[in-house]
Structures are given as C-alpha cells and as structure tokens.
Amino acid sequence: MRSVDVIIVGASLSAAAAAKRLVDAGLETIVLERKELPRHKICSGILSPRGHRFLLENFGPLPREALHEPTSCRGVTFHFPSMVSMTMDFFGGTTPHLHRKYSDYWAIKSSGAEIHDRTSFAGLEDHGDHVVVQARKNGEPVAYRARQVIGADGPSSLVIRAIYPDYPQTIPWFFVGQKFHDIIDCPLSPDYFHFWFHPGLGHYTWSHARDGRQIVGVGFKRGDNFAKKHQNVVNYLAEKHGVRLHPHTEDEGCGENFGPSLINRYVFGKGNVLITGQAAGFLNMIGEGMSCALHSGAISGEAVVEARLRNRPVQEMYRRMIASEVRRTTDQWNPLKIAFDRPHEADFPAALMALGWRDRAKVLRDLWRFVVLYKEFKWGRQIFRAAMQRPFMSGYSMQRWL
Ligand SMILES: Cc1cc2nc3c(=O)[nH]c(=O)nc-3n(C[C@H](O)[C@H](O)[C@H](O)COP(=O)(O)OP(=O)(O)OC[C@H]3O[C@@H](n4cnc5c(N)ncnc54)[C@H](O)[C@@H]3O)c2cc1C
C-alpha cells in the first residue's frame, strides 16, 4: 500500500490550491481524480477578480488553451421582468473566461503533486494516526495510507458521505442545465455574463457567449421538465431581447448543493479528513464558486501544514483558519451587504444608483418578487428565512458547521 503525507480527492481548483500549499511545505501529496485528465467540467468559467489574482500569484499567467472565446469577461448584466437591465463591470478590469478542462489541468499539474487520474475514491477508515483510503483504478481496487485526507471532490462528495452518510439529506439541492446554440442574431453583449431575476423563468437563469455559440442555462427543481424550462427561456429571450438562436446542438446538467453557505451548513470534516471547496459548501448566490474553491482549498492545505508544525489537531486549525472565507462567502448572500457594501466584486450599489428613481423602484420590486420565489422549494422557506435574518445575525454560528 502506498503511504504518503496527504491524499487529496478530486483534481479541480480547490485541490490544486490545497496541493500547492502542501507540496510547497515539502509534504508528499497524491491527488486522486476519477476521470481521465484533462477532464470536462460543467461551468460558465467566469473567474472572479479575486480568483484570477489567486491563480496569478500561485501558478503564474494562464496559458491560452485555458481560455474560451471571448477570452475575458467585463462583468455581469442583471435583467429584470420590468425590462430594466443593470450592467456592472468587475472591479479592476476584465477577468478570464476559463476553459475548465484545461485551466484545472494546468493548475493541478503546476501544484507539483503526484496525480493519479482514472482513480475513484470509494471509502476511508480513519485510524487516528493515519487514514486508509480505498479507491478503484480502472475498476481494480487500490489502497493508500496517508496522515490526512482532503475531500475536494465537489458537490456530490463521496468523501463527505464516507464520514457523514446522512449529510446530503440535510442540505438543499438544485439542478442546473445548459444548452449550446449556434447564433442567428444575439444582441446580448458577449463581453458580459447575463443573469435574469425573473420568477417566470426560474430561480437561476443565465446566458453567455462561448466559442461562437450562445449558452442558455436554467435552474430547476427535482421533477421539473428541463427541456420545457429551457424552451421557455429561449422563447423569452427571442421575444424580449431579440435573441435568435438555432436549435441546440449540445446540452448538459448537474445537481448543485446550492445554499449551504446561506443557511450556514458548511461541512469541514472530522478527525484527519478535511472537506474543502464546493463540497464544503462554498458557493455564492450567483453560483460563483471558483474563487472560494481556490481560497478554501489553500486554507485546507495550510491547516495541514500548520497543524503539523504546531502539533495541534488539524480540525481545530482548519476551523479557525477557514472562518474568514466563511464570512466572505456568507456575506455575499446578505441583502444589506449587497445593497450598501460590496461583498461581490462588481459595484451593485453604484449600478443601482445610476438608474433613474423609477427604474430603481422597479428593480427593488422585481428583486423582492424574485426572492419570494424561493419559498416554492422544499428548502425554500428556510433559505428565505435565512436571507431575511442574515443582516441581523451577530455572528456566524459555528455550531451549525459539521
Ligand atoms: C453550470 C455551472 C456554471 C458555473 N459557472 C461558474 C462561473 O462562471 N464562475 C464560478 O466561479 N463558478 C461557477 N460554477 C461553480 C464552479 O464550477 C464550482 O463551484 C467549482 O468548480 C468548485 O470547485 P471544486 O474544486 O470545489 O470542485 P469541482 O470543480 O466540482 O471538482 C471536483 C473534482 O472531483 C472529482 N471527483 C468527484 N468525485 C470523485 C471521486 N469519488 N474520486 C475521485 N475524484 C472525484 C471530479 O471529477 C472533479 O474533478 C458553475 C457551476 C455550474 C454547475
């Protein structure tokens, strides 16, 4: 059985950040990835400026193949049912439009960790002073021994299930699907990511340009008909925005643990097993998860290094160090922070104030109607209550973290 300092499960951005910290500190690190690398990852690929800084500072400039066309994004345009649109540029200029297949591969290789792809995590046993990890490589069982394990395996994390089998039932799950269309005519600016706060379209509706095609995406509940919801959005874009598209040529979708960061149900692990990235619950209200994946991943790696240097339990170290990232991500859901502060990296208050007072009132009314939509979901009432209470919460009740 191969014995190393740390096993990381998943070869995505949180894993790359964790691996970088561990390898830099001289710890022997293996990354297990179930797919063959470079692997596809469903994602719009709009990296926030903070995420971009992280990549530059830790891995250097992005190679060209790690970018889609258009190679950068200027910001976000929010569209409302009253037909008011608000365009917000990112702070500090444009950000890269990542091609996740290649950006993630580049980052994980740059971390210096040893990578075992086509190797699926299957289970673990924590023996106190070491962890035994069971995996399957090309269908054959393979075992590893490590001092610590980091679960960076995304929303449907098997590492979480190995330590908390019931966790998936305790958090909200939503589904997202996107279709790729050849364009006949598209007046939506390709320089921006477009998002609709429209209760008639769904709780999460977006569109953007990629490699000469237009992506139209929509969120839906378990049991909803994705094709119908998507067609509804396509019809709306045609009618209201003059977007004319050919029938889609490709589609894809997945389940998302959207909301743990709002209702404070983060999961950070147990014993020698740490959970990080989106698996831990880091994802903000507009579904931006790469920058918090990178930062939380780096913190998980630092926590392992610090725990060893100080001879402290790794969980204690991780929970203390991760608090700043929790606060940052949770604040991004806080309506008062959004209205009066800048928790996101584009200036919502300035864009709102740039509107005439009539349009401003329409936007606020539309936003309220949109938030009320969340009450329809199984977890919606809880999410709605949490969003309303968020501004009045004095702390970040740590006891609700797992
Ligand atoms: C449609 C869509 C659009 C999005 N758009 C954006 C965006 O524009 N900007 C943004 O910032 N975020 C976006 N996100 C969110 C972003 O993609 C994620 O938050 C981010 O990728 C999380 O990174 P991660 O490292 O935590 O995990 P992931 O990227 O989910 O990676 C997990 C890795 O673990 C591997 N894995 C899983 N199970 C196992 C196993 N058992 N054994 C071994 N390996 C395993 C997977 O194959 C994968 O490589 C979007 C998400 C979706 C679904």
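This is a short walk through one protein model with a ligand, starting at the ligand and moving outward. Please keep in mind that the model is predicted.

I'll begin with the ligand. It is surrounded by 37 residues, and the closest are S12, S14, E33, R39 and Q278. By class, that shell holds 17 nonpolar, 12 polar and 8 charged residues.

Now some distances. From an oxygen atom of the ligand to an N or O atom in the side chain of S14 is 2.6 Å. R100 has a polar side-chain atom 2.9 Å from a ligand oxygen, and for K41 the corresponding distance is 3.2 Å. How much of the ligand does the protein bury? On its own the ligand exposes 1,000 Å², and the protein buries 95% of that.

Which elements give two or more residues to this shell? They are α1, residues 13–24; β8, residues 119–126; β15, residues 244–256; and α6, residues 290–310. The largest share comes from β8, with 3 residues.

Let me stay with β8 for a moment. Strand β8 runs antiparallel to β9, residues 131–137, and 7 bridges join the two. One pairing to look for is E125, whose bridge partner in β9 is V132. The hairpin has 4 residues between the strands, and in it G128 takes a positive phi near 90 degrees.

There is another hairpin to show, made of β4 and β5. Strand β4 covers residues 75–79, and 5 bridges join it to β5 in an antiparallel arrangement. G75 has D89 as its bridge partner in β5. Between these strands lie 5 residues, and M83 in this hairpin has a positive phi near 70 degrees.

Strand β5 itself, residues 85–89, has two faces worth viewing side-on. M86 and M88 point to one face and are buried, while S85, T87 and D89 point to the other and are not buried. As a general matter, side chains in a regular strand alternate between the two faces of the sheet.

Back to β15, one of the elements in the ligand shell. C254 sits in this strand. Is C254 buried, exposed or partly exposed? C254 is partly exposed, because its relative accessible area is 24%, and the partly exposed class runs from 20% to 50%. Setting aside neighbours within four places in sequence, C254 is in contact with I42, F174, F175 and V176. Take F175: it is 79 residues from C254 in sequence, yet the C-alpha atoms of the two are 5.7 Å apart.

For contrast, look at T205, in strand β13, residues 205–210. T205 has a relative accessible area of 0%, so it is buried. Which residues does T205 contact beyond its neighbours within four places in sequence? They are H194, F195, W196, G217, V218 and V233.

The last stop is helix α2, residues 49–59. Its buried residues are P49, R50, G51, F54, L55, N58 and F59. The cover over them includes α1, β6 (residues 95–98), α3 (residues 100–110), α6 and α7 (residues 314–331). In general, an α-helix has 3.6 residues a turn, so residues three or four places apart point the same way. Just after α2 comes G60, with a positive phi of about 90 degrees.

That is the end of the tour.

Methods. Residues numbered from 1 in each chain as written. Predicted model: local features only at pLDDT ≥ 70, side-chain atom pairs only at ≥ 80, totals over all residues. Heavy atoms only, no water. Buried < 20%, exposed > 50% of the residue type's maximum accessible area, 1.4 Å probe, protein only. Contact = heavy atoms within 4.5 Å. Near = heavy atom within 4 Å. Polar contact = N/O pair within 3.5 Å; in protein donor to acceptor, adjacent residues only side chain to side chain. Areas by Shrake-Rupley, 256 points an atom, 1.4 Å probe, with all protein chains shown as cover. Nonpolar A, V, L, I, M, F, W, Y, C, P; charged D, E, K, R; others polar. Pairing = 2+ DSSP bridges.
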